[in-house]
Amino acid sequence: MKLGRLNHIGVATPSIADSIVFWRDVMGATKIHEPFDLPEQGVKVCFVDTPGADGALNGTQIELIEPLPGNAGIAAFLAKNPAGGQHHMCYEVPDIHAAKAAFEALGKRVLGEPRIGAHGTLIFFVHPKDMGGVLTEIMETPKGDHH
Ligand SMILES: CC[C@@H](C(=O)O)C(=O)SCCNC(=O)CCNC(=O)[C@H](O)C(C)(C)COP(=O)(O)OP(=O)(O)OC[C@H]1O[C@@H](n2cnc3c(N)ncnc32)[C@H](O)[C@@H]1OP(=O)(O)O
Ligand SMILES: [Co+2]
């Protein structure tokens, strides 16, 4: 496993609509994408762009996630953190299956099989208790992206 680009920071929220107002009016975000449902992951998602090193809006994104009905995991997180909070960190890798094998070889608990995430590429999660307390998402870099 070789650490890749920090793609996004997942932030759980009870209300994406309220969080959009926060990121626009308090944090000064200039590019907030249209929210969309991702029923396969049980969440509504909204990406907020941050600037990269060149000042363009191509840096690490903030991924706002709100549970869809029936999502016990995020609902449990929000029960402990009613105002929302930082939920996971997502790093890119060139080969998702090689990354999964590398984590498993180190005894890390990979949560399920790779599945399509919000960027349309394969993702998996590694248990926070094996990752210094941070729920970690690993994501295959979209084809054509060179970071
Ligand atoms: C938008 C789509 C996609 C993308 O493409 O980017 C996403 O990001 S989807 C995001 C949502 N999906 C997931 O979170 C899937 C992976 N998560 C899980 O499988 C579970 O949430 C979990 C991490 C295994 C925890 O579930 P569970 O064990 O049932 O919950 P507990 O409440 O019992 O927690 C056990 C233990 O772990 C601590 N914990 C839970 N969540 C987090 C967290 N986000 N960050 C840090 N630590 C976390 C929790 O506090 C418990 O600790 P103790 O109380 O000390 O036992
Ligand atoms: Co994510």
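**View 1. Glu104 and its salt-bridge partner Lys100 in helix 3 of the predicted model.** Glu104 counts as partly exposed because its relative accessible area is 39%, whereas Lys100, with a relative accessible area of 12%, is buried, the limit for that class being under 20%. Their side chains meet in a salt bridge with an N to O distance of 3.1 Å, and the two residues lie four places apart in helix 3, about one turn of the helix. Across the structure, the count of salt bridges comes to seven.

**View 2. The salt bridge between Asp130 and Arg109, which connects two loops.** The closest N and O atoms of Asp130 and Arg109 are 2.9 Å apart. Asp130 belongs to the loop between strand 7 and strand 8 (136-140), and Arg109 to the loop between helix 3 and strand 6 (110-116), so the pair ties together parts of the chain that are 21 residues apart in sequence. Asp130 is buried at a relative accessible area of 18%, while Arg109, at 42%, is partly exposed. Elsewhere, salt bridges that share partners join Lys100, Glu104 and Glu113 into one network.

**View 3. The salt bridge between Asp25 and Arg24.** The side chains of Asp25 and Arg24 meet with an N to O distance of 2.8 Å. Asp25 is exposed, having a relative accessible area of 52%, and Arg24 is partly exposed, with a relative accessibility of 43%.

**View 4. Glu66, a buried acidic side chain that has no salt bridge.** Glu66 is found in strand 4, which runs over residues 61-67. The nearest side chain of opposite charge is that of Lys44, at 5.8 Å, and a salt bridge would require a nitrogen within 4 Å of a carboxyl oxygen. A polar atom of the Glu66 side chain does, however, lie 2.8 Å from the backbone nitrogen of Ile16. Beyond residues up to four places away in sequence, Glu66 touches Thr13, Pro14, Ser15, Ile16, Gly42, Val43 and Lys44.

**View 5. The two aromatic pairs of the structure.** In one of them, the rings of Phe22 and Trp23 have centres 5.6 Å apart and planes at 85 degrees, so the arrangement is edge-to-face. Phe22 is partly exposed at 38% relative accessibility, whereas Trp23, at 16%, is buried. The rings of Phe103 and Phe124 likewise form an edge-to-face pair, with their centres 6.1 Å apart and their planes at 80 degrees. This pair links distant parts of the chain, since Phe103 lies in helix 3 (residues 96-105) and Phe124 in strand 7 (residues 122-126), 21 residues apart. Both Phe103 and Phe124 are buried.

**View 6. Cys90 and its surroundings in strand 5.** Cys90 sits in the strand that covers residues 85-93 and is buried, with a relative accessible area of 0%. When neighbours within four places in sequence are left aside, Cys90 is in contact with Arg5, Leu6, Asn7, His8, Glu137 and Met139. The C-alpha atoms of Cys90 and Asp18, which are 72 residues apart along the chain, are separated by 23 Å.

**View 7. The span that UniProt lists as "domain: VOC".** According to the UniProt record, an unreviewed entry, this domain covers residues 5-141. In the model, the end C-alpha atoms of the span lie 9 Å apart, and the span is 21% helix and 36% strand.

Terms used. Residues are numbered from 1 along each chain as its sequence is written. Chains are lettered from A and ligands numbered from 1 in the order in which they are written. This is a predicted model: local features need pLDDT of at least 70, side-chain atom pairs count only at pLDDT 80 or more; totals for chains, interfaces and linings use all residues. Side-chain values use heavy atoms; hydrogens and water are left out. Buried means under 20% relative accessible area, exposed over 50%, partly exposed in between (1.4 Å probe, protein chains only). Lys and Arg count as positive and Asp and Glu as negative; His and the chain ends are not counted. A polar contact is a pair of N or O atoms within 3.5 Å; within protein, one must be able to donate a hydrogen and the other to accept it, and residues adjacent in sequence count only if both atoms are side-chain atoms. Contact means heavy atoms within 4.5 Å. Rings of Phe, Tyr and Trp (its six-membered ring) pair if their centres lie within 6.5 Å; planes under 30 degrees apart count as stacked, over 60 as edge-to-face and the rest as tilted. UniProt positions are given in the numbering used here, feature names are shortened, and annotations may be inferred rather than shown by experiment.
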